[in-house]
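Open the model in your viewer and keep the sequence panel beside it. Each stop below says what to select and what is there.

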Amino acid sequence: MRTGHPSFDAAVRRAADNPELTTYKLKNTAYKFSFMLVPISLPFLWLMFFWRRGIAMYDHAVFVLYSLSFMSLLFVVLMGLGALHASTVIPWLAAVAPPLHMGAQLRETYRLGAWSTVWRTLMLMFVSAVVFVLFLLLIVYMTMG
């Protein structure tokens with residue numbers, strides 16, 4: 001594969017030559033920089049509440065840390081269920097638990113009504129996907145560079 005960027009082409013070639021090392025480096029880098037999810041998330045969360053008084057960036061940071069903690073624990077539970085060969089429960093739990101938790105956390109943290117909780121939960125799910133992609137791009141860039 002040739003992209004016209006020599007340094008990128010060389011990085012892709014190194015990754016293709018040793019995929020095990022590349023996988024290890026990606027996991028190691030993701031683990032070390034997972035805290036970067038917080039500052040990447042904050043501007044998006046701020047946009048959902050910037051007009052509300054009494055909500056500071058600190059509140060959003062606590063919200064994001066709590067949410068990341070829940071998602072980490074969910075991941076551990078899903079891995080444990082996978083080790084127990086409970087494969088029928090895993091997709092259901094992975095699909096249902098995050099939006100339920102996001103909705104409940106939004107409602108309680110920001111004291112939202114029902115409609116406000118629903119639209120912000122949907123927005124937060126979209127934002128979470130965008131933040132995750134940005135994080136993955138950052139990790140790939142740091143690993144390949």
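Select A104 first; A104 sits in helix α5. Buried or exposed, or something in between? A104 has a relative accessibility of 45%, so it counts as partly exposed; the band for that class lies between 20% and 50%. Now add T121 to the selection. The two residues are 17 apart in sequence, and their C-alpha atoms are 8.9 Å apart in space.

Remember that this is a predicted model. Colour the chain by pLDDT before going on. The chain mean is 88, and 98% of the residues reach 70 or more. Where is confidence lowest, and where is it highest? The low end is helix α1, residues 6-17, with a mean of 79. The high end is α5, at 94.

**Along α5**

Stay on helix α5 and select T109, which also has its place there. T109 is partly exposed, because its relative accessibility is 39% and the buried class ends at 20%. Add F63. T109 and F63 are 46 residues apart along the chain, yet 7.5 Å separates their C-alpha atoms.

**The nonpolar core**

Keep F63 selected. F63 belongs to the largest nonpolar core, which has 13 residues. Which members touch the most other members? They are L45, F49, F63, V64, L106, Y110 and L124. Show these seven as sticks. Three helices give two or more residues to this core: α3, α4 and α5. Of the contributors, α3 gives the most, with five residues.

Centre the view on V64 next. Which residues does V64 contact, once its neighbours within four places in sequence are left aside? They are L37, V38, S41, L42 and L45. Keep L37 displayed; it returns at two later stops.

**The largest pocket**

Turn on a surface and look for the largest pocket. Its volume is about 1,200 Å³. There are 37 lining residues, and the closest to the pocket centre are L37, L68, M71, S72 and F132. Select those five and centre on them. Which elements give two or more residues to the lining? Colour these helices: α2 (19-32), α3 (37-49), α4 (57-83), α5 (89-110) and α6 (114-144). Then recolour the lining by residue class. The lining holds 30 nonpolar residues, six polar ones and one charged residue.

**F135 and its contacts**

Move to F135, in helix α6. Is this side chain's residue buried or exposed? F135 is at 5% relative accessibility, so it counts as buried; the limit for that class is under 20%. Leave aside neighbours within four places in sequence and list the contacts. F135 touches A30, F33, S34, M36, L37 and I40. L37 is therefore a shared partner: V64 contacts it, F135 contacts it, and contact here means heavy atoms within 4.5 Å. Now draw a line from F135 to F75. These two are 60 residues apart in sequence and 17 Å apart from C-alpha to C-alpha.

**Where α1 meets the far end of the chain**

Go to A15, in helix α1. A15 is buried, because its relative accessible area is 15%. Add T143. A15 and T143 are 128 residues apart in sequence, with 9.7 Å between their C-alpha atoms. Which residues does A15 touch, not counting those up to four places away in sequence? The partners are T22 and M144.

Follow that contact to T22, which lies in helix α2. T22 is buried too, as its relative accessible area is 14%. Beyond residues up to four places away in sequence, T22 touches R14, A15, T143 and M144. Show A15, T22 and M144 together: A15 touches both of the others, and T22 touches M144.

**Two loops with positive phi**

Finish with backbone angles. Select H85, in the loop between α4 and α5. What is unusual to check here is phi: H85 has a positive value, near 60°, and is not a glycine. H85 counts as exposed, because its relative accessibility is 69%.

Last, jump to R111, in the loop between α5 and α6. R111 also has a positive phi, about 55°, although it is not a glycine. With 68% relative accessibility, R111 counts as exposed.

Definitions and conventions: Residues numbered from 1 in each chain as written. Predicted model: local features only at pLDDT ≥ 70, side-chain atom pairs only at ≥ 80, totals over all residues. Heavy atoms only, no water. 1 Å grid on protein atoms, 1.4 Å probe; cavity = no way out; pocket = protein on both sides within 12 Å on 5 of 7 lines; lining within 4 Å. Points joined across faces, edges and corners; volume = space filled by probe spheres on them. Helix = DSSP H or I, 4+ residues; strand = E, 2+ residues; numbered from the N terminus. Nonpolar A, V, L, I, M, F, W, Y, C, P; charged D, E, K, R; others polar. pLDDT = per-residue confidence, 0-100. Core = buried A, V, L, I, M, F, W, Y, C linked by side-chain atoms within 4.5 Å. Buried < 20%, exposed > 50% of the residue type's maximum accessible area, 1.4 Å probe, protein only.
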